[in-house]
Amino acid sequence: MNSDIALSFDTIEKNLKAMAFKRLLYSLISILAIIFLLSSGLTIAENNNAGSFERGISKFFDYPVDLFKEAFESGWRWYAYVFKYLPDLISTINMAFFSTLFGAIFALLLSLFASKNLIKNPYIVTFARRTMDILRSFPELVIAMIFLYLMGKSELPAVIAIVIHTAGALGKLFSEAIENADSKPIEGLQSCGARWWARIRFAVIPQVVPLFISYTLLRLEINVRASTILGFVGAGGIGEALSAVIQFRYGDEIIAIMFLLVVTIISLDYFSRFLRGRLIGDNK
Amino acid sequence: MNYAITHDITNEVEIKHKKHIRVLIISACVFLIYLIGSIIHFNLPGLAKKWNNDRASMFMLDIYAHKDHIKMNWKEPEKIDVRFEGGYREVYKQDPSWLIRDNQKKSTTVNFENGGKFVFFPDRVEMRNFPKTKETFVFKLNQQGKPYVENYVGKEELLPSWMRATENKVEVRPSLYERLQVYGSKVEVHRYELGWKYFWFDFNSPLEGKGFFEGIALMFDKNRIDPEISNFNLVIKEFWGNEIWHHDTVLFAMVETLLMAILGTLIASIVGLPLAFLAAYNVTPLSSIRFFLRRLFDMLRGIDMLIWSLIFLRAFGPGLFTGIFAIAFTDTGTLGKLMSEAIENTDKKEKEGIQSTGANKVLQHRFGIIPQIMPIFISQSLYYLESNTRAAVIIGAMGAGGIGLHFLGALMTGNDFENVAYMAILVLIAVMCIDTMSAKLRRLLIGIEDKNN
């Protein structure tokens, strides 16, 4: 009897050691792979870069320092620049806000078809999901550039590009939220004779709407960044202003625009986290 | 008594419900007003007007078709040549089967698949037999050297809608696949055909016209096409050096973009994790360090990737480093903040359990905290890898290089739409591959699907 236990302890220990060894091996392999990737990648980067890494590092602070110096020298005028670019900033934010809203509406429609618990036909669900995957996969810039080419410089191409990307990205999240909705409230309502609409209204919507809003807020933040970048390639707003002043090398104005952008992004971040925290009751 | 209570509750519920409805209606109104205002502001109804239909149809056509240019100068009508996409180097040495030269009549006929033909004569061009019209149109030059349509001088409005005669140019487009342009100096016919011709081997290659499978078969063929070089190497070299599709530059640019994303994310996670430990209150007792790191994360994150890439562009010049560091800096901030929050949210009990066995601080963190945060760390890193693949394309277009820059360049030249489409499809495939791979890895490593994507 005792020898049996000892034997089983032996096998347990053996298994444990084998497992630990396997783990160690996997960790070593992945660490080696990461080191290899890093070193070879950085070597490729070094070989194909216009300037070398060391020279770049030494020059890293030159540009920001120059900019700040210029901004400091311009004195009080600098504050005027901040206000000068405020309308551009508002236009960019509006662009992002509108496209997030529009995209969220599309995402909602798509997500209804992509949720297994609402649509019983698996082909429709798969089709809707693949559609969203494709919409999501294109970087906004690719779509925006093509539309910019096809319809000239305006804000519209950027809006279309962001709407397309947002519809795909949010649609996926929305459909997952719908699929993960607890079925017990629905059953409860069904048991007391509620109709389909009443079940949706009182059992599904209260569960998913806070999630929807919080995802949309998160998207809004991402889209403000995206619409700035799209402005940079010709879609108007503060991005275009930034690209112009960078070409003309107006250091003080560059700093003013960057300041506006950073303040916007940080305050948006805090604002959306605050709202999301209130909506879904945690601060993640 | 009971009734009264129920009544009160019912009343309260009804009042609340009314309030709820009012708020809902008001917000719906605000929402609608904003939507309508914005639709007017962004000029969505003007979309149709702005939409450049010619450009769009050319763009679409170029994506799935290729064309041959047949050109005749009025001054030397005997010299008619056929060029692939009108390129300078891509002149057909042998006439394609649809081009028939008749030396006695001094005519050259371009046949189309729908039976229509354009016939070149030294003094005129005829359009015959197109399914759209039975009429034969004749295009000539007048005394001043301006093109005109015979029998329609002064009656240009009677011409069919797909024909346009202006002072210096007559343009004929019976369908998307045929096009004739008559100028004072030359006549040009574009003949479209479906497909991406010369995708595998280019026009001047010894393997011209071979398909993918033929290429593969040739690789293992013993009879050398070029005695200097083995077939295997020849096929690779010719494919790689394709002058029309530029496989070498495009594919290398794609690899560069992927490298940017992967290395940027890798550096961000390697740097971000230790910093996150230092920024968590249950690991670092010193509040000054924590405060400093928190603000650092905020700064890294708040300065957008766009601004970082502009700064790095100045320091490193266009190239991989710009992209890698722009991504790494932004995401160090994001990952650091996320991970420090995750570390703070870990269960205390595991750490205490390990402490009770007498383990030192490092071991406590190693076995008490890391196993708890590892799934979050891996899934977040993979998620950022996905979104950074897209971001790397975008940063590339802003000047950091890679496929983004090539894409922008091809789009700006405005006539190589098949290359634009090729790169767009390549980006789509790469992004989808990375997405699927990271989803697989995530499932493999942590066993559950992450929903934060």
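How many residues does the hairpin that joins β11(B) to β12(B) pass through? The hairpin joins these strands through two residues. The model described here is a predicted one. The report takes the domains of the two chains, then the sheets of chain B, then the core, the contacts between the chains and one serine of chain A.

**Domains**

The domain assignment divides chain A into domain 1 (2–59) and domain 2 (71–280). Taken over C-alpha atoms, the centres of domain 1 of chain A and domain 2 of chain A are 38 Å apart. Chain B is divided into domain 1 (1–51), domain 2 (66–194) and domain 3 (247–446). Between domain 2 of chain B and domain 3 of chain B, the distance from one C-alpha centre to the other is 56 Å.

**First sheet of chain B**

One open sheet of chain B has six strands in the order β2-β1-β12-β11-β10-β9, and its pairing is antiparallel. At the edges stand β2 (80–84) and β9 (163–165) of chain B. Each has a single partner strand, so one side of each lacks a neighbour in the sheet. On average, and with direction ignored, neighbouring strands of this sheet are turned by 15° against each other.

The table gives pairs of strands in this sheet, with the number of bridges in each.

| Strand | Partner strand | Bridges |
|---|---|---|
| β1 (residues 65–73) of chain B | β12(B) | nine bridges |
| β11 (residues 178–183) of chain B | β12 (residues 186–194) of chain B | five bridges |
| β10(B) | β11(B) | four bridges |
| β9(B) | β10(B) | three bridges |

Single residue pairs can be followed across the sheet. H66(B) stands opposite E193(B) in β12(B). On β12(B) there are also H190(B), which R179(B) stands opposite, and V187(B), the bridge partner of V182(B). K169(B) has Y183(B) in β11(B) as its bridge partner, and A165(B) stands opposite V170(B) in β10(B).

Further hairpins link strands of this sheet. The hairpin from β9(B) to β10(B) passes through three residues, and the one from β10(B) to β11(B) through five residues.

Which residues of strand β10 (residues 169–172) of chain B point to one face and are buried? They are V170(B) and V172(B), while K169(B) and E171(B) point to the other face and are not buried. The side chains thus alternate along the strand.

**Second sheet of chain B**

Another open sheet of six strands in chain B has the order β3-β4-β5-β6-β7-β8, again with antiparallel pairing. Its edges are β3 (99–102) and β8 (147–149) of chain B; each pairs with a single strand, so on one side each is without a neighbour in the sheet. Here neighbouring strands are turned by 20° against each other on average, direction ignored. Within this sheet, strand β4 (residues 107–111) of chain B runs antiparallel to strand β5 (residues 117–120) of chain B, and four bridges join them. V110(B) stands opposite F118(B) in β5(B).

**Nonpolar cores**

The largest nonpolar core has 148 residues. Among those with the most contacts inside it are L141(A), L230(A) and I257(A), together with I324(B) and I327(B). Helix α8 (residues 156–179) of chain A gives the most to this core, 15 residues. A second core, separate from this one, has 20 residues, including V82(B), V125(B), V182(B) and V187(B).

L141(A) has contacts in both chains. Apart from its neighbours within four places in sequence, L141(A) is in contact with I229(A), L230(A) and V233(A), and with V393(B), I394(B), A397(B) and G404(B).

**Contacts between the chains**

In total, 46 residues of chain A are in contact with 48 residues of chain B. The elements that give two or more residues to the side of chain A that touches chain B include α1 (2–48), α5 (86–113), α7 (140–151) and α12 (251–280) of chain A. The largest share of this side, eight residues, comes from α1(A). By kind, the residues on this side of chain A are 32 nonpolar, nine polar and five charged.

**A buried serine**

S214(A) lies in helix α10 of chain A. Is S214(A) buried or exposed? S214(A) counts as buried because it has 21 C-beta neighbours inside 10 Å, where 20 or more are needed. Leaving aside its neighbours within four places in sequence, S214(A) is in contact with R276(A), L279(A) and I280(A). The C-alpha atom of S214(A) is separated by 23 Å from that of S91(A), a residue 123 residues apart from it along the chain.

Methods: Residues numbered from 1 in each chain as written. Chains lettered and ligands numbered in written order. Predicted model: local features only at pLDDT ≥ 70, side-chain atom pairs only at ≥ 80, totals over all residues. Core = buried A, V, L, I, M, F, W, Y, C linked by C-beta atoms within 7 Å. Buried ≥ 20, exposed ≤ 12 C-beta atoms within 10 Å, placed from the backbone. Contact = placed C-beta atoms within 7 Å. Nonpolar A, V, L, I, M, F, W, Y, C, P; charged D, E, K, R; others polar. Domains from an automatic or database assignment. Pairing = 2+ DSSP bridges. Axes fitted to C-alpha atoms, helices over the stretch in contact; angles between N-to-C directions.
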